[in-house]
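Please look over the assembly shown here. This report covers its symmetry, one sheet and one DNA strand.

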2 protein chains.
Amino acid sequence: MYNCIMYSKQLLKGSLKTIILTVLKERGRMYGYEITQHVKSITEEGLVLTEGALYPALHKLEAEGFLLAEKESIGRRVRKYYSLSEKGMEAVAEKVNEFDAFVQMMQLILHPKTSKS
Amino acid sequence: MYNCIMYSKQLLKGSLKTIILTVLKERGRMYGYEITQHVKSITEEGLVLTEGALYPALHKLEAEGFLLAEKESIGRRVRKYYSLSEKGMEAVAEKVNEFDAFVQMMQLILHPKTSKS
DNA sequence: AATTATACATAAGAATATTATGTATTGCAA
DNA sequence: TTGCAATACATAATATTCTTATGTATAATT
């Protein structure tokens, strides 16, 4: 039993796909479990992706043509590696810009003094 | 028909209550419609709160004890004014901190170079 | 007189998450 | 060698929170 940081839960909504696309752009080729470990690691347990959210999101991104998937056998186990399609490559920057723009607008509301430039 | 900025839609999830609590802390006492106009104004149409999201959120925050509500007659029309309860006052900073922490973690993922400090 | 803005509310539906469960392999420690 | 934790995938039931649509009604503008 470890202390779970609760605040990552509701806020995560809507940004999971952006996370997936970004880490895949940065690292090229990853499998689902690897993505969860990577995100957990660089946020120091701050963001913990649940499998019930991750796998459906990966499947949807693949179905929408943003991701390419290939299965690979590691010993007797099968991993599903994902990478960005061309469409996915084009979408990453846009997704990140959307997130940044959203955050800027939130700063206007949450920190009106400091963010009015 | 005006151009709606699409990216505010999905990303908004989870942050509406934080917005409501924050603007009420800043302005003291507001009614629902006023909140939508205020947010629309300071974000220059960037964030547009829909009534279908706002009113249920206000009702929930009231039911949870974060907000106090009182109806006021303006001419023949009735406004419902909201203000922070004591519990609401205590929750604002926490909510904002949660959002900021979430954004910081997202920066680690989306902008690893610049945010590693 | 008709349209837009103000002001509230709720219902149907969609999207996206949590939690729980299931299967199966691999590695490690008791 | 046995059992537990970690790895690796997947899906179903449920919850939350949003969008869109609809409804009611007053006030202001064109």
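The text below takes these topics in turn.

This is a predicted model, in which local features need pLDDT of at least 70, side-chain atom pairs count only at pLDDT 80 or more, and totals for chains, interfaces and linings use all residues. Residues are numbered from 1 along each chain as its sequence is written, chains are lettered from A and ligands numbered from 1 in the order in which they are written, and side-chain values use heavy atoms, with hydrogens and water left out.

**Symmetry.** A turn of 180 degrees, with a shift of 0.0 Å along the axis, lays chain B on chain A with an RMSD of 0.0 Å. Copies are superposed by least squares on the C-alpha atoms of residues with pLDDT of at least 70 in both. That relation is a two-fold axis. In chain B, the C-alpha of B:K13 is nearest the axis, at 2.9 Å. Both copies use the same surface: 100% of the contact residues of chain B recur in chain A. Contact means heavy atoms within 4.5 Å.

**The sheet of chain B.** Helices (H or I, at least four residues) and strands (E, at least two) are DSSP runs, numbered from the N terminus. Three strands of chain B make an open antiparallel sheet, ordered β1-β3-β2. Two strands pair if DSSP finds at least two bridges between them. The edge strands are β1 (30–31) and β2 (67–74) of chain B, each pairing on one side only. Eight antiparallel bridges link β2(B) to β3 (residues 77–84) of chain B. B:I74 has B:R77 in β3(B) as its bridge partner. Helix α4 (residues 51–63) of chain B lies across β2 and β3 of chain B, at about 50 degrees to β3(B). Axes are lines fitted to C-alpha atoms, for helices over the stretch in contact, and angles run from 0 to 180 degrees between N-to-C directions.

**DNA strand C.** The strand is surrounded by 26 residues, with A:T50, A:R77, B:Y31, B:Y33 and B:R79 the closest. A residue is near if one of its heavy atoms lies within 4 Å. Of the strand C atoms within 4 Å of the protein, 76% belong to sugar and phosphate. The table gives three distances to phosphate oxygens of DNA strand C.

| Residue | Protein atom | Distance to a phosphate oxygen |
|---|---|---|
| A:G14 | backbone N or O | 3.2 Å |
| A:T50 | polar side-chain atom | 2.7 Å |
| B:H59 | side-chain N or O | 2.9 Å |

Which element gives the most to the surface near DNA strand C? It is α4(B), with five residues.

Notes
Polar contact = N/O pair within 3.5 Å; in protein donor to acceptor, adjacent residues only side chain to side chain.
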